[in-house]
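User: Could you take a close look at one part of this model for me? I would like the local detail, and then the charged pairs elsewhere in the chain.

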Amino acid sequence: MPTIKDIHPGDPEPLGPTVRSDGINFAVHSQGATRMELLLFDNIADDKPAVVIPFSRTANKTGDIWHLFVEGLPNGTLYNYRADGPYRPDKDGSRFNPHKVLLDPYAPAISGDFDWNDGDPLGYDNTNPDDPDRHLRPSKVSNLGGAPRCIAYRSDFDWQGDKHPDIPIEESIIYEVNVRGFTRHHSSETDFEGTYRGFMEKIPYLKDLGVTAVELLPIFEFDRFDGPFRDPVTGERLANAWGYNTVAFFAPESHYSYYGKLGAQVDEFKMLVRELHRNNIEVILDVVFNHSREGNHYGPTVSFKGLDNNIYYMLMPGQPQFYNDFTGCGNTLNCNHPVVRKFILDCLRYWVEEMHVDGFRFDLAAVFAIDVDGQEKGKTPIIEEIETDPVLSRIKLIAEPWSIRQYRLGSFSDRRWAEWNGKFRDAVRKFLKGDLGIAGELATRVAGSYDLFAPSDDSERSPYHSINFVTCHDGFTLNDLVSYNEKHNIRNGEGNRDGHNENESWNCGYEGPVEDAEDLDDERKETIERLRITQIKNFLTLLFLSQGTPMLLYGDEMRRSALGNNNTVYQDNSLNWLNWELLKQHREIYRFTKHIIEFRKKHSIIRRWRYMTSEEDETPILRNITWHGVEPEKPDFSGTSRFLAWTLEAFETEERWDVPIYVASNAFWEPIEVELPEQEGRRWYRVVDTSLPEGEDIVPQEEAAFLPDDSYEVPPRSTIILIAR
């Protein structure tokens, strides 16, 4: 039984558990509860609490915050809450149920692995699963034995003088990566597979590749078994691999912790951040404040539903028993309600101040633009508060600027926000696939998407606000983008209905891997493979030679494949796990990726931090870009063009390698002879030709091949980079 010396009224702030030397203060918000209890446990597996402490409405409640201080409790105490109140979903949206134990929304850690489908987490009477109105009646079944425990944990981690790298975003190379998937495969050769510690062992690899920031797929505690899906081939239950279904927003994911001790996940995550910082690599967290694991009216009761369902979620007007679902995940967090805004801001500050992270990528951030009245607005309170919060003033903010209801790319107009640029992705894919009429669109994207991010009277935006990417966790990997025309999602258990149908991919002449293709001869196999390799290099070249901030998906640098599956959210297996043997098999692609990153870093003219105004009409363009066609300064942006070329003109700088750069990309299946633009007093040297074999495809600039002629034959489906000196 927990050691309790005395119980005091406690303090209403801060929310959550505050571990002190003499005990623990507990504070939780609930406006509608009529009774609140604190449950204390001896062990994780206990099916009943060792102590139940009721909150007094007079002594332990300030406004809507219930609080008390338990003297004598040690660090690492296990606890839950239980809240009683009205259950009137169809009247006012309330869903209190004293039979359900709740997680503290501010809990810094959650106990172990668990399954929310065990232990009857449903807050409603599910005795008749076929009754559509069953959610209107409260459950009378306790979930004490099956619920995870909150851990009141105070970390005494030694940061050893840790400092944020503070890398300007225009200098950033972002690497989107799944913590578990990065080292879970046995080929990672670590004793800490799939954990924060395992990830640490790969930091030298990241540093060698040249990335400056890791953007971690969600690492807040999530439910691994939140879906009903099974592999139709093996019958195996499918587990959530991505983590976009949060149950505890202040708690690092527990099954990413190697030691699994109570609170170990907190210190192990901090250790990962500290070691990344030591290697000058920033940590950006992918965070999900648009919905939660609790789902729709048939979902489980985890925390928010049982504390203040009608505050935390956007309910349907006139039908509060149902949830507005602007996310495709069952519910939508009511982000602009004062209580929810405070929760989000407290959470962000916690991860910056306590966990030392360097930025956030906000999943489905367009939801932030929906106000409490359900109307979409330009700048809502939550957006403004994030922008102006002093603790968040120095970190990176990245929006995924869409949801299933909205597409708001370019609308996060404050200079603080960068945005995932889906139009860049689509234009590059279409162009290299060989689609007509894309050259002009691609030119706009290459130049920093000034149509989306140009500065205006009320914004100070720049090219780096565009997060350029070709692939991300959601969709085909880069290898699969050049290997499949269609998605192959049968193993997801949804009859291949899930995932996007329009991928703008091209299989280069054969669907899937060619190694074991019995209907292809060796020569044809080799031709297809060489074309795929060239196409991958084309994608990488356009990604890293474009103005904006590039983001690379983990494993693309060594041709990681998900076998044509473009929605691997429930594939916690080799479709998400990085097979490190690929590094040996596809060393050519790794080498190319590393060198193209090095090339970008050496040239400030590829990393412009602001647009320059045209002298003629003050149009916000990059003045140092000159567009070309087969002849200099005669670009072809017509509907029949499959060719784009441009020169980045050098300007005065102290950087050694800041010289004029010529880039040309030929998406046609025939070679194109181009006349090279003149550079007074300089000659052109070839650094990149993606059609050439390894060792010649990309070379260090000091080894660039001199071009004696004033023309160059750009091979079919290839991209070149020249420098003038």
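Which residue caps the N-terminal end of helix 8, and which backbone nitrogen does its side-chain oxygen approach?

Analyst: Happy to help. A word on the ground rules: this is a predicted model, in which local features need pLDDT of at least 70 and side-chain atom pairs count only at pLDDT 80 or more, while totals for chains, interfaces and linings use all residues. Numbering runs from 1 along each chain as its sequence is written, and side-chain values use heavy atoms, leaving out hydrogens and water.

The cap is N421, with a side-chain oxygen 3.1 Å from the backbone nitrogen of K423; a polar contact here is a pair of N or O atoms within 3.5 Å, where one must be able to donate a hydrogen and the other to accept it, and residues adjacent in sequence count only if both atoms are side-chain atoms. Helix 8 itself covers residues 422-433 (helices are DSSP runs of H or I, at least four residues, and strands are runs of E, at least two, numbered from the N terminus). Its 12 residues reach 17 Å from first C-alpha to last, close to the expected 16 Å, where the expectation is 1.5 Å times one less than the number of residues. G422, F424, A427, V428, R429, F431 and L432 are buried in this helix (buried is under 20% relative accessible area, exposed over 50%, partly exposed in between, with a 1.4 Å probe and protein chains only). Just after helix 8, G434 takes a positive phi of about 105°.

Now for the charged pairs. With a salt bridge taken as a Lys or Arg side-chain nitrogen within 4 Å of an Asp or Glu carboxyl oxygen, the count comes to 48. R394 and D166 form one of them, at 2.5 Å from N to O. R394 sits in the loop between helix 7 and strand 21, and D166 in the loop between strand 12 and strand 13, so this pair ties together parts 228 residues apart in sequence. R394 is partly exposed at 38%, and D166 is partly exposed at 43%.

R530 and E588 make another, at 3.1 Å. Because R530 lies in helix 12 and E588 in helix 14, this bridge joins parts 58 residues apart. R530 is partly exposed at 26%, whereas E588 is buried at 12%.

R591 pairs with D697, the closest N and O atoms being 3.2 Å apart. R591 is in helix 14 and D697 in the loop between strand 31 and strand 32, 106 residues apart. D697 is buried, at 0% relative accessibility.

Finally, E13, K342, D346, R349 and D389 are linked in a network of salt bridges.
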